[in-house]
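Hi,

Here is the structure I promised to pass on. Have a look at it first, then read my notes below.

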Amino acid sequence: MKLYYYDHCPFCVRVRLAAGLLGQPLEEIPLANDDEDTPIKLVGKKVLPILIREDGSPLAESLDIVAYLDRDGHFGGAVRPELAKWLQAVNGLVHKLAMPRNIMVPLPEFASDSAKNYYREKKEAFLGERFSDLLAQTPKFLAELDSPLRTLTELLGEPYAAGAVPGIEDIYLFPVLRNLTIVKGLPWSEPLRQYLENLTAKSGVATYFGRSV
């Protein structure tokens, strides 16, 4: 099976994480961020991830793909309400911190200037602010994130979000935290860092530690 993806995309990371945890090999194909034709031809709109199944048919929507791969139900159940609330609360901050930095790291979807410019234009319109202005507010955003990260540390199980085995909470949480590893100077607690390292080791999906900006 083939997976069309962007490295920075948290929805794509959901699928890559699930595949890695399940030991399901996928041929991962990164798309240029300004490639509109490929996804539109496959599923009728510009959206990733897209899985090409064994019979050649495409499947979009990250959780639908995870469910398709997870035929034995490893990722069943529900996300705890308190964790769902946490994810919703930090969503805007994660966007403001990570999106301006995504084009500053050498990722395959941003190999060309046109792909970078396409992304910048779309995301600045989405956020309502210029990337340069958001980067200038980094200290403010980091201060706002400090308390939520301490709260998350208290919610976290060991070695995975809900305890001894990977589950649906990891499918939701890991991609968000992985996006934040692109932010230099973010004060990670040891449990949160270890959580990320545990899932990277188990799935093969690397974080941005070591190349943060």
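**Surface, fold and core**

The protein exposes about 10,200 Å², and carbon and sulfur atoms supply 51% of that area (Shrake-Rupley method, 1.4 Å probe, with only the protein chains shown counting as cover for residues). This is a predicted model: local features need pLDDT of at least 70, side-chain atom pairs count only at pLDDT 80 or more, and totals for chains, interfaces and linings use all residues. Residues are numbered from 1 along each chain as its sequence is written, and side-chain values use heavy atoms, leaving out hydrogens and water.

The protein has 9 helices and 4 strands (DSSP runs: H or I of at least four residues for helices, E of at least two for strands, numbered from the N terminus). From the N terminus, the order is β-α-β-α-β-β-α-α-α-α-α-α-α.

The C-alpha atoms fill a box of roughly 50 × 45 × 30 Å along the principal axes. Of the 213 residues, 47% count as buried (under 20% relative accessible area, 1.4 Å probe, protein chains only).

Now the inside. The largest nonpolar core has 68 residues (buried Ala, Val, Leu, Ile, Met, Phe, Trp, Tyr and Cys joined through side-chain atoms within 4.5 Å). Helix H4 (residues 81-102) gives this core its largest share, 9 residues. Leu173, Leu177, Leu180 and Tyr195 have the most contacts inside the core. What does Leu180 contact, leaving aside its neighbours within four places in sequence? The partners are Val94, Leu97, Leu145, Leu186 and Trp188 (contact: heavy atoms within 4.5 Å).

Best wishes

Terms used
Buried < 20%, exposed > 50% of the residue type's maximum accessible area, 1.4 Å probe, protein only.
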